Amino acid sequence: MWGRFRKAGGRDSHGLRTEPKAGGDRRPHNLFEAAATYVTACAQDDQQRSDEAAGWVSPEALSFGVNELACRAVIALARERDESPETVARALLGLPAA
């Protein structure tokens, strides 16, 4: 049974591997670096840069990084505004207060 978990974990961990940067730099992109670049590019309506960042990591890793960035941003804004994270998230999305 544990062998199945190890095999499944091994397959999933390959999805989190990153590709080396172009231009000779052999250090692979960090999934959080990819998420930050992707979100910034989307906010600036830079399709080419968002496509580039999306190619640095697997779609699953990018999704995880974007989710983590969103959570951290909402928490930071909530602390700054002295409001609850739910209030901030709903306001950012234009939703009525709960």
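In which helix do Glu 68 and Arg 72 both lie, and how many residues apart are they? In this predicted model, the two residues belong to helix H4, where a spacing of 4 residues places them about one turn of the helix apart. Their side chains meet in a salt bridge, with an N to O distance of 3.0 Å. The two partners can also be described by their accessibility. Glu 68 is partly exposed, at a relative accessible area of 23%, whereas Arg 72 has a value of 52% and is therefore classed as exposed, the cut-off being over 50%.

A search of the whole structure finds 2 salt bridges. Side chains of opposite charge can pair when their charged atoms come close. Besides the pair in helix H4, a salt bridge joins the side chains of Glu 52 and Arg 49, at 3.1 Å from N to O. These residues are in helix H3, which covers residues 47-54. Because Glu 52 and Arg 49 are 3 residues apart in that helix, about one helical turn separates them. Both ends of this bridge are partly exposed: Glu 52 has a relative accessible area of 39%, and Arg 49 has one of 32%.

The interior was examined next. The largest nonpolar core consists of 8 residues, namely Leu 31, Ala 34, Ala 35, Ala 53, Trp 56, Val 57, Ala 61 and Leu 62. Two or more residues of this core are contributed by each of helix H2 (31-43) and helix H4 (59-81). The largest share, 3 residues, is that of H2. Helix H4 thus appears in two descriptions, as a contributor to the core and as the location of Glu 68 and Arg 72.

A nonpolar patch is found on the surface. Leu 92, Leu 93 and Leu 95 make up this patch, and together they have about 310 Å² of accessible area. Leu 93 is located in the segment that follows helix H5 (85-92). Its relative accessible area is 65%, so Leu 93 counts as exposed, a class that begins over 50%.

Cysteines were also considered. The number of disulfides in the structure is 0. Cys 42 is partly exposed, with 41% relative accessible area. Cys 71 falls into the partly exposed class as well, at 37% relative accessibility. Neither value is under 20%, the limit for a buried residue, so neither Cys 42 nor Cys 71 is buried.

How values were computed: Residues are numbered from 1 along each chain as its sequence is written. This is a predicted model: local features need pLDDT of at least 70, side-chain atom pairs count only at pLDDT 80 or more; totals for chains, interfaces and linings use all residues. Side-chain values use heavy atoms; hydrogens and water are left out. Patches are made of residues with over 30% relative accessible area and no salt bridge: like charges are joined within 9 Å, nonpolar side chains (Val, Leu, Ile, Met, Phe, Trp, Tyr) within 5 Å. Accessible areas come from the Shrake-Rupley method with a 1.4 Å probe; for residues, only the protein chains shown count as cover. A salt bridge is a side-chain nitrogen of Lys or Arg within 4 Å of a carboxyl oxygen of Asp or Glu. Buried means under 20% relative accessible area, exposed over 50%, partly exposed in between (1.4 Å probe, protein chains only). A nonpolar core is a set of buried Ala, Val, Leu, Ile, Met, Phe, Trp, Tyr and Cys residues joined through side-chain atoms within 4.5 Å. A disulfide is a pair of cysteine sulfur atoms within 2.5 Å.
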